[in-house]
Amino acid sequence: MQVLELIIFAGLAAIVLYQLYSVLGRRVGRQPEDNAAAEAARPAVRAPDRPPEPLDEGVALTGLAAVKAKDPAFDVSRFLGGAKSAYEMTVKAFAAGDRATLRNLLGPSVMASFDTAIAQREAEGRTETVEFLHSPRADLEKAEVVGQSDLARVTVRFLAEFRSRSKGPEGEAVDDKRTAELWTFERNLNSRDPNWTLVHVDAAEA
């Protein structure tokens, strides 16, 4: 009887162990190796090639871009620094009636206008000197290349304060002035001469 019970218990134990093995040995859910296998089996998807954007051909550059295209060495800061020096030199030369200096700085039409004013002042027996109270301010107003040529034209807005001392038949006078003007400079960008010439002067709002 005891032997029969042992056999029965042994059979039940075998059945329980088999059920446990069946449950514990079964994989539940997705396993890490499943992901790796799926990635390996998945075909590589290549992004469609983007066609290159067409280049704009035949577009005419304007403004400062046109000037730099003709003269890559053109630097706005350096140009404004030189324009400021030319402004001070021109104003002082005009006040002093220094025609020789003015001819090196001015275009023919501006020189003719300045020469007329100097001659009138000389005829009246007047002399004048100018002293800048502060360094003038220079801002780029406009830049362009004229037509299909290599002639660059740059307009600078100047704000300045200076003291004018004049002498005439009636005596001496001192006048503090504040001016706002637009000066236009020109230069052939193919020329070896690096200097710009003043070709036009306009009044501007302060």
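Let's start where two helices meet: Thr90, Phe94, Ala95 and Ala96 in helix 4 are in contact with Phe114, Ala117, Ile118 and Arg121 in helix 6. Sorted by class, this contact of helix 4 with helix 6 has six nonpolar residues, one polar residue and one charged residue. Please keep in mind that the model you are looking at is predicted.

How do the two helices lie against each other? Helix 4 covers residues 76–96 and helix 6 covers residues 108–123; they pack at an angle of about 35°, and their axes are 9 Å apart. Two residues of this contact are worth finding on screen: the charged end of Arg121 sits over the ring of Phe94, at 5.1 Å from the ring's centre.

**The chain as a whole**

Stepping back, the protein chain has six helices and five strands. Along the sequence they follow the pattern α-α-α-α-α-α-β-β-β-β-β, so to follow the chain is to pass through the helices and then the strands. The table gathers some overall values.

| Property of the protein chain | Value |
|---|---|
| Residues that count as buried | 25% of 206 residues |
| Contacts between residues 24 or more positions apart | 57% of the contacts with a separation of 6 or more |
| Exposed area | about 14,800 Å² |
| Share of the exposed area from carbon and sulfur atoms | 55% |

**Aromatic rings**

How many aromatic pairs does the structure hold? There are 11 of them. A pair of aromatic rings is described by the distance of the centres and the angle of the planes. For Tyr87 and Trp183, the centres are 4.6 Å apart and the planes stand at 55°, which makes the pair tilted. This pair links distant parts of the chain, with Tyr87 in helix 4 and Trp183 in strand 4 (residues 171–188), 96 residues apart. Are these two residues buried or exposed? Both Tyr87 and Trp183 are buried.

Tyr87 and Trp183 also belong to a cluster linked by ring pairs, together with Phe74, Phe79, Phe132, Phe158, Phe162, Phe185 and Trp196.

**A look at Glu141**

For a residue in another setting, turn to Glu141, which is found in strand 2 (residues 137–145). Why does Glu141 count as partly exposed? Its relative accessibility is 45%, and partly exposed residues lie between the 20% limit for buried and the 50% limit for exposed.

Leaving aside residues up to four places away in sequence, Glu141 touches Thr155, Val156, Arg157 and Leu182. Phe158, one of the residues in the aromatic cluster, is 17 residues from Glu141 in sequence and 9.6 Å away in space, C-alpha to C-alpha.

How values were computed. Residues are numbered from 1 along each chain as its sequence is written. This is a predicted model: local features need pLDDT of at least 70, side-chain atom pairs count only at pLDDT 80 or more; totals for chains, interfaces and linings use all residues. Side-chain values use heavy atoms; hydrogens and water are left out. Axes are lines fitted to C-alpha atoms, for helices over the stretch in contact, and angles run from 0 to 180 degrees between N-to-C directions. Helices (H or I, at least four residues) and strands (E, at least two) are DSSP runs, numbered from the N terminus. Contact means heavy atoms within 4.5 Å. Ala, Val, Leu, Ile, Met, Phe, Trp, Tyr, Cys and Pro count as nonpolar, Asp, Glu, Lys and Arg as charged, and the others, Gly among them, as polar. Rings of Phe, Tyr and Trp (its six-membered ring) pair if their centres lie within 6.5 Å; planes under 30 degrees apart count as stacked, over 60 as edge-to-face and the rest as tilted. Buried means under 20% relative accessible area, exposed over 50%, partly exposed in between (1.4 Å probe, protein chains only). A charge sits over a ring if NZ of Lys or CZ of Arg is within 6 Å of the ring centre and within 35 degrees of the ring normal. Accessible areas come from the Shrake-Rupley method with a 1.4 Å probe; for residues, only the protein chains shown count as cover.
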